[in-house]
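Here are a few short exercises to work through with the structure open in your viewer. Try each task before you read its solution.

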Amino acid sequence: MGLTRPASLIVSRLTALRWASAVAAGIAALLAALLAWLLTGPSSAPTTARGTGMGTYANPVTAGAVDTFPDPVMIRGKDGYWYAYGTQNPVFQSKGREDGERMLPILRSADLVHWDYAGEVFTPRTQPAWHKGSRLWAPDIRYVDGLYTLYYSVVGVANIGVATAPTPTGPWTDRGAVLPSPSGCPAGNIDQAQFTDKGGRPYLYWGSYDTLCVAKMNGDRTRIEGPVTQVARGRRMEGGFVVRRGGYYYLFYSDAGCCDGAYSGYQVKVGRATKPTGPFVDDEDVDLMDLTSKGGIVVGANGNRWIGPGHNSLQTDLSGQDWLVYHGIPSDHPDMKLTSGGKVKPTRRPMLIDRLDWIDGWPVVRAGAGPSEGNQPAPVASWDVGSTFNDGSLTGWHGEGAGTGGWSVAEKQDAHGYVTHAGSGAEPAYLVSDKEAPADLRAEADLKVSSAGGAAGLTVGHVNPGNHAVAWLDRGRNALVTDVVVNGTSRGESVTALPSGFQWGAWHNVAVEVRGTHMTVEVSGDRLRDAVATQERDLPARTAHPGRVGTAVRGSGAAADNVGAAKLFTPVTKRVPEPKPGALLPAHSDEFNGAAVPGTTPASPWTWIRGASSGVTMTGRALSWPTQAAGLGNNKASVLTRGAPKGDYTVETKISFAPGQPTQQAGIVLYENDDRWFKMVHSVLPVTRGRGTVVDVSEFGKEGERPTTTPPTAVANGPMFGGPTADTMWLRLSHHTDTAHNEHEVRAATSRDGVHWVHNGVWTLPVKGDLKIGLVSMNKAGAVARFDYVRTYGG
């Protein structure tokens, strides 16, 4: 294994400084990183037990390192550390350092849990002139042909920039603007994510408020080329991130508002497609281009301290478990101090990580439990068997096969320590661990081949050269080649072509997962679930046993780094149960089968706030209510209310409503007064850049006091957006009193058939008074809402 964190950090820095002496431009960047380390200090020792994942972590994982870290992305460097990149923000306010914002701050971690500040991509002195002093947002990091390639949003010039570096911390070389002007996408030119398809075809996804687009990229991934395809539309849709899994392309995105403090309605959703250019559909089979709100909720607020979870990327730990990387807003401290001359008050958005489960073909955080609070099982960040070779040693490893004495450790600036072989000729040479790895495992190696005809491989289940499985990067055949050898006899090679432009002199990650007798192999640049080649095959039953892990070479010019294996993760296959209403409470329900309009007779349990709206009638055993030109936000809309039960309850209505103009909305409310309420409505809203285009949404909102103002002021929320709409919908609001925190917790749900429900996130407000059950039909005249019933259930 590699050194412990403090020792390996010293070795890494000394190695980096020796290499940097050859390049004058690199010295300044490396000295700056060293100075930052001296000022902030190293992380405490990782808590993750080696290879077991039995340690714990607690969100936010950036606590103690930086105050805020919006729009986070991660990569595992070839030195064995993880690196994270975030949006430009004042990250050190709590340390009393009023020295401005950091332009795309960088963090480093040995375990995905404890993070150190490691610098920034640009400074005011090094920022390219074409940025025109713009703030820089939403980075995306990739490893492309031997360079770390960082994409970022240059909001001030409505374009996307790209910079490259030989190491994850720089020095960074500006490569200019990625998009032409105009870009061809009718949206904000921000929130980009690069994706490489199988076969090596690169794409760029981008867009914000309210359309997401995709286009192919040129060979070095610095410019888009060819047609631009729109792949998703929705109210405040942004933050796309794409991975490929199980034959599908998954487009993650966020909608609603990212940055309104305690009233941010951000959440992550997903659609999937069989092609990188779509069409993408959600788990309700709704096309992401349809002008409606969407299902496919990956993570939303769940009523604990985290508000507005969103703008995600993805990372995979050493056991193969995926983790959602995203930001969230702490409810107890949502806002930061004013910056930029007192004009900007940023929302605090530290980095969170949580387990991402794939259940029935769809990703969801913690099986649907939402953002975590308190101690959780940590990612697996250490191998059961393996090494980064950063200590310069081959201790714990031995050679087998041809040329057993030909193995040695070399050094380079990015990888630090790595292993090479002097050359084995036609017969393979193996460097394998002294210890055995588990039978069900994820093994990895970073491999490259600098000589024509050579091959580098990752061997697993290794007993001896005559009994093992191996995944080769075979330069002579330009292919991923797997072979299973039993008792000295090959059980047959499987060959998968690599891209024609495959850069053999750069590092490529080869990951092998074995579960039972099934083996999956992926070849990628950066472990970001966008493999250029994938292969699956079944293994003979007799090979399903613990064995050694290692690297293999044929010919000359092969090198390997970060070779190891950990016990394969156990997938979660069932979602947490969705809330179900209890027994019907007739005393708090109404089937609307009377002749009189509710609230207009002395015996009615209903009461009108501000009097009955014009045109309300009882028609065909339903309450018919034209929308009025007044709203809750301006305290002018009529509200039909009745008492709510004590304790927990769910209110449901069936509504037929087809709004046609922006802001028309109707639905249910839980109402305390004009400044404190929750609503779930069918609403129509304008698309920000749609030139008159509107989108139907299920809108889940609240109004209450903004906690960070003195005195507290009333303010409407972002809001959140629920599932897809229809002319006839079923709406629910479920109320729970959190006595521990003295809060109302309200969760919304929508349905298009009254049977299958899309459950939304949770809004909260401090308990001050009783809530009433209510209905609204408001904001602009011209539409009619028909309420078939209001039913209240216990529990």
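**Exercise 1.** Which residue in β11 is the bridge partner of T196? Then place the two strands in their sheet.

*Solution.* Keep in mind that you're looking at a predicted model.
Step 1: go to T196 and look across to β11, where P202 turns up as the bridge partner.
Step 2: zoom out to the strands. β10 and β11 (residues 202–206) run antiparallel and are joined by 4 bridges. Two bridges are enough for strands to count as paired, so β10 and β11 pass with their 4.
Step 3: follow the pairing onwards. You get an open sheet of 4 strands, ordered β10-β11-β12-β13, with antiparallel pairing. At the edges sit β10 (193–196) and β13 (224–233), each pairing on one side only. From one strand to the next, the twist averages 25 degrees.

**Exercise 2.** What lines the second largest cavity, and how do the lining residues divide into nonpolar, polar and charged?

*Solution.* Step 1: count the cavities. There are 5 of 30 Å³ or more, and the second largest holds about 70 Å³ of space.
Step 2: list the lining, which consists of V73, A138, P139, D140, D191, Q192, A193, G239, G240, F241, H311 and N312.
Step 3: sort these residues. The split is 5 nonpolar, 5 polar and 2 charged; glycine goes with the polar group here.
Step 4: map the lining onto strands. β6 (136–144), β14 (238–245) and β18 (306–316) each contribute at least two residues.

**Exercise 3.** How do F92 and Y117 pair, edge-to-face or stacked? Work out which parts of the chain they tie together.

*Solution.* Step 1: a search of the whole structure gives 16 aromatic pairs, and F92 with Y117 is one of them.
Step 2: check the geometry. The ring centres are 4.9 Å apart and the planes make an angle of 75 degrees. Edge-to-face needs over 60 degrees, so this pair is edge-to-face.
Step 3: locate the partners. F92 sits in the loop between β3 (82–85) and β4 (103–109), while Y117 belongs to β5 (residues 116–122), so the pair links parts 25 residues apart in sequence.
Step 4: look at burial. F92 is buried at 2% relative accessible area, and Y117 is buried too, at 7%.
Step 5: try another pair. F502 and W504 are also edge-to-face, at 4.7 Å centre to centre and 70 degrees between the planes, and both residues are buried.

**Exercise 4.** Which residues form one aromatic cluster with W358?

*Solution.* Start at W358 and collect its cluster mates: Y248, Y250, F252 and W362.

Terms used:
Residues are numbered from 1 along each chain as its sequence is written. This is a predicted model: local features need pLDDT of at least 70, side-chain atom pairs count only at pLDDT 80 or more; totals for chains, interfaces and linings use all residues. Side-chain values use heavy atoms; hydrogens and water are left out. On a 1 Å grid over the protein atoms alone, a cavity is a set of points where a 1.4 Å probe fits but cannot get out, and a pocket is an open set with protein on both sides within 12 Å along at least five of seven lines; lining residues have an atom within 4 Å of a point. Grid points are joined across faces, edges and corners, and a volume is the space filled by probe spheres set on the points. Axes are lines fitted to C-alpha atoms, for helices over the stretch in contact, and angles run from 0 to 180 degrees between N-to-C directions. Rings of Phe, Tyr and Trp (its six-membered ring) pair if their centres lie within 6.5 Å; planes under 30 degrees apart count as stacked, over 60 as edge-to-face and the rest as tilted. Buried means under 20% relative accessible area, exposed over 50%, partly exposed in between (1.4 Å probe, protein chains only).
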